[in-house]
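Me: Please take a close look at one part of this model with me: the ligand and its surroundings. I am in my first year, so a friendly explanation of the terms would help.

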Amino acid sequence: MFQDLNQKVAVITGGSKGIGNAIALRYAQEQMNVVINYHSDEAGAQKAVDEIKANGGDAVAVKADVATEAGVQALLDAAVDNFGGLDVWVNNAGMEIQTPTHQISLDEWNKVIGINMTGVFLGAKAALNYWLDNEKTGNIINMSSVHQQIPWPTFSSYATAKGGVKLFTETIAMEYAPNDIRVNSIAPGAINTPINAEKFADPDQYAQTQSMIPMQKIGEPEDVADAAVWLASDQAKYVTGTTLFVDGGMTLYAAFQDGQG
Ligand code: NAD
């Protein structure tokens, strides 16, 4: 347990399923009040709210598109109106489109950048303004990916967005460190969520992904949630501008595992 998180208020974008959902449930275990954002899956978000309330916590589900200013404002308003403030903003929402780069349409490119990168900027901007206007401290956690570091052919829009998230995280961490606002990223490896459902349903692709991970297992959303709760807590009070890799060692070049090369 992280006592300092008790009654703190968090916004989690893309919280109706996958990693965001696990973070919402994990935060609620710490008695945090949670705004669970969803884009289309209202039932998933409501299920999380019901589960949190059944366990004595508090949460609300809010529909919003993180790629818009109105969307992130609605999330901030929900935090303030329902829970009286904001302490932690988790920019988790994301998506990917696989297309050879010479065939990506501008609309596709803009969509991936808009949600994964501009959405992070918009969420961070809303949270920063709230904390600065109210002379409060705060904590931003951005969901990046191992692909902020590992190039990913046919996913160039996604890799570009996550690379952007890395430097955005570092830049605003420096910019707002004097205000005691911490900003960090989490870079998951291969995690068992709906984004990978089709790929992992195929035993060959599952085994192939496993072989790229030194720990030889696919991660679970709860593994990422454990990192997100630590980063939000005072136990990480001197940590800012960093990326915490939660990847079973994926970024360690598994092909060199047996001393080849
Ligand atoms: P997921 O598909 O289960 O969840 C993504 C969530 O983002 C969904 O709830 C979706 O509705 C939401 N979302 C998409 N567009 C949105 C929009 N415009 N506005 C609001 N919400 C929107 O995927 P996940 O695996 O849980 O991914 C969560 C984050 O983790 C993403 O940023 C993803 O890039 C990152 N990530 C995932 C993995 C993995 O292996 N699963 C690896 C590295 C990084």
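Reply: Let us start with the ground rules, move to the ligand, and end with the sheet. This is a predicted model, where local features need pLDDT of at least 70 and side-chain atom pairs count only at pLDDT 80 or more, while totals for chains, interfaces and linings use all residues. Residues are numbered from 1 along each chain as its sequence is written, and side-chain values use heavy atoms, with hydrogens and water left out.

Around the ligand you will find 27 residues, each with a heavy atom within 4 Å of it. The closest are I19, N92, Y158, I191 and T193. By class, this shell holds 12 nonpolar, 12 polar and three charged residues. Here Ala, Val, Leu, Ile, Met, Phe, Trp, Tyr, Cys and Pro count as nonpolar, Asp, Glu, Lys and Arg as charged, and the others, Gly among them, as polar.

Now look for polar contacts, meaning pairs of N or O atoms within 3.5 Å. Y158 brings a polar side-chain atom to 2.6 Å from a ligand oxygen. In S16, a side-chain N or O atom is 3.3 Å from an oxygen of the ligand. G189 uses its backbone instead: an N or O atom there lies 3.1 Å from a ligand oxygen. Taken alone, the ligand exposes 820 Å², and the protein buries 94% of that (areas by the Shrake-Rupley method with a 1.4 Å probe). Two elements, α1 (18–29) and α5 (156–176), give two or more residues to the shell; helices are DSSP runs of H or I with at least four residues, and strands are runs of E with at least two, numbered from the N terminus.

For the wider setting, find the open sheet of seven strands, paired in parallel in the order β3-β2-β1-β4-β5-β6-β7. Strands pair if DSSP finds at least two bridges between them. β3 (58–63) and β7 (243–246) are at the edges with a single partner strand each, so one side of each has no neighbour in the sheet.

Technical notes
A polar contact is a pair of N or O atoms within 3.5 Å; within protein, one must be able to donate a hydrogen and the other to accept it, and residues adjacent in sequence count only if both atoms are side-chain atoms.
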